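Reader: Could you take me through the nonpolar interior of this protein, and then show me how it sits within the whole fold? A close look at that one part would help me most.

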Amino acid sequence: MNIPDNDWLPAVFLGLMALSFLVYAILDGYDLGVGVLLPSDTAQENNQQHRDMMIYSIGPFWDANETWLVMAIGLLLIAFPSAYSIILQALYLPTALMLVGLILRGVSFDFRTKAPSKNKTKWDLAFKAGSLLTTLSQGYMLGRYVTGFENTTFGYGFSILASICVTAGYSFIGAAWLVMRTEGKLQIKAARWAIYCNTLMAIGIIAVCLTNLFFNKAIMDKWLSFPQVFVMIPMSFLLIFLFSSIHLYLTKVPTKNDVGCWFPFVCATLIFILSFLGLAYSFYPYIIWQKITIWEAASARNSLMFIFIGAVIVLPTIIAYTIFSYRVFWGKTTKLNY
């Protein structure tokens, strides 16, 4: 592995790209999860009201949240073009399916607000289908990437497991978002969804960790050797605490005066961050596992420096816009009027 001593730019761009993917997973993760959780039973009386309120809760944010995905893929393309080429060639089909899902979400979201009321339910179900297709595709892509695009039974099986786990994770943070943003029967229903998804996501994280540790010797050596093992122990206890405390809180929803309604969402965010850091540590400094490092895949240094100037301007702008929009539309969900 060739790691230059003084070339810090590829590491900086890896950090910017990782930050973009992490923020995307949290922000677009919850609105994708809300879409997946939309009630599909059209016979129940309150379900249309609940679907309306769930859509209202993500309405001011969901399309802006996708900006972070564009930012992350753009950084991958311009900073690590050779890795981008390999990844895209290996993931053409799930990428196409993800784009179909995202387009279906965008079209159905706009049409449900303007279509005659008799068709609103159909557009709601289309939004749910688009959300589900997007989460499954992203999970499958993550699984293929983590296994180094292995065309083996293990590689495909792990990717299917990852698609289920990612969908459960997005559904969990989506339900936590609804607990924070809604009241009444919908909040109670969201807490029940969050309990189921919390359990499923915990099982998924354990399964992915064990699979990575015991089927990949390089990752096992990285985590279980001395002194790294002393990092894994507190991380494991922190994850156990977060999962168990969320479960305990959710069983008590609704709380008096809505105390701690933000707690499940904050804990879900911490779980996402810990899981992401674990994956990043496992695979660093490879951008294609055990094939290409970030230094081998990086663009020419002059090009990186030029792009770095643009990133220094664009990234803070997106962060400022994101904070501003959340401050403006913060609080319990109300009806959208546009």
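Author: Happy to: here is the interior, followed by the fold around it and two positions in its helices.

Please keep in mind that this is a predicted model. The largest nonpolar core holds 83 residues. Within this core, the residues with the most contacts are Tyr30, Phe80, Trp177, Ile271 and Ile287. The element that gives the most to this core is helix α1, which spans residues 9-37 and supplies 14 residues. There is also a second, separate core, made of 9 residues, with Cys165, Leu213, Ile219 and Trp289 among them.

Let us zoom in on Phe80. Leaving aside residues up to four places away in sequence, Phe80 touches Pro10, Phe13, Leu14 and Met17. Its contacts also include Leu75 and Ile287, along with Ile294, Ala297, Ala298 and Ser299. Ile287 thus appears twice in this picture: as a contact of Phe80, and among the residues with the most contacts inside the largest core.

Now for the fold that surrounds this interior. The protein has 14 helices and 2 strands. Of its 338 residues, 50% are buried. If you take contacts between residues at least 6 apart in sequence, 80% of them join residues at least 24 apart. The radius of gyration is 21 Å, which agrees with the value near 20 Å that a compact globule of 338 residues would have. Along the principal axes, the C-alpha atoms fill a box of roughly 60 × 40 × 40 Å.

Moving outward, the accessible surface is about 16,700 Å², and carbon and sulfur atoms account for 71% of that area. As for charge, there are 22 positive and 16 negative side chains, and 8 Å separates the centres of the two sets.

Two helix positions round off the tour. Gly184 belongs to helix α9, which covers residues 184-215. With a relative accessible area of 42%, Gly184 falls between the cut-offs of 20% and 50%, so it is partly exposed. Gly184 and Val253 are 69 residues apart along the chain, and 9.9 Å separates their C-alpha atoms. Ile240 is found in helix α11, residues 229-250. Its relative accessibility is 54%, over the 50% cut-off, so Ile240 counts as exposed. From Ile240 to Val23 the distance is 23 Å, C-alpha to C-alpha, and the two are 217 residues apart in sequence.

Definitions and conventions. Residues numbered from 1 in each chain as written. Predicted model: local features only at pLDDT ≥ 70, side-chain atom pairs only at ≥ 80, totals over all residues. Heavy atoms only, no water. Helix = DSSP H or I, 4+ residues; strand = E, 2+ residues; numbered from the N terminus. Buried < 20%, exposed > 50% of the residue type's maximum accessible area, 1.4 Å probe, protein only. Rg over C-alpha atoms; globule rule 2.2 N^0.38 Å. Contact = heavy atoms within 4.5 Å. Areas by Shrake-Rupley, 256 points an atom, 1.4 Å probe, with all protein chains shown as cover. Lys, Arg positive; Asp, Glu negative; His and termini not counted. Charge placed at Lys NZ, Arg CZ, Asp CG, Glu CD. Core = buried A, V, L, I, M, F, W, Y, C linked by side-chain atoms within 4.5 Å.
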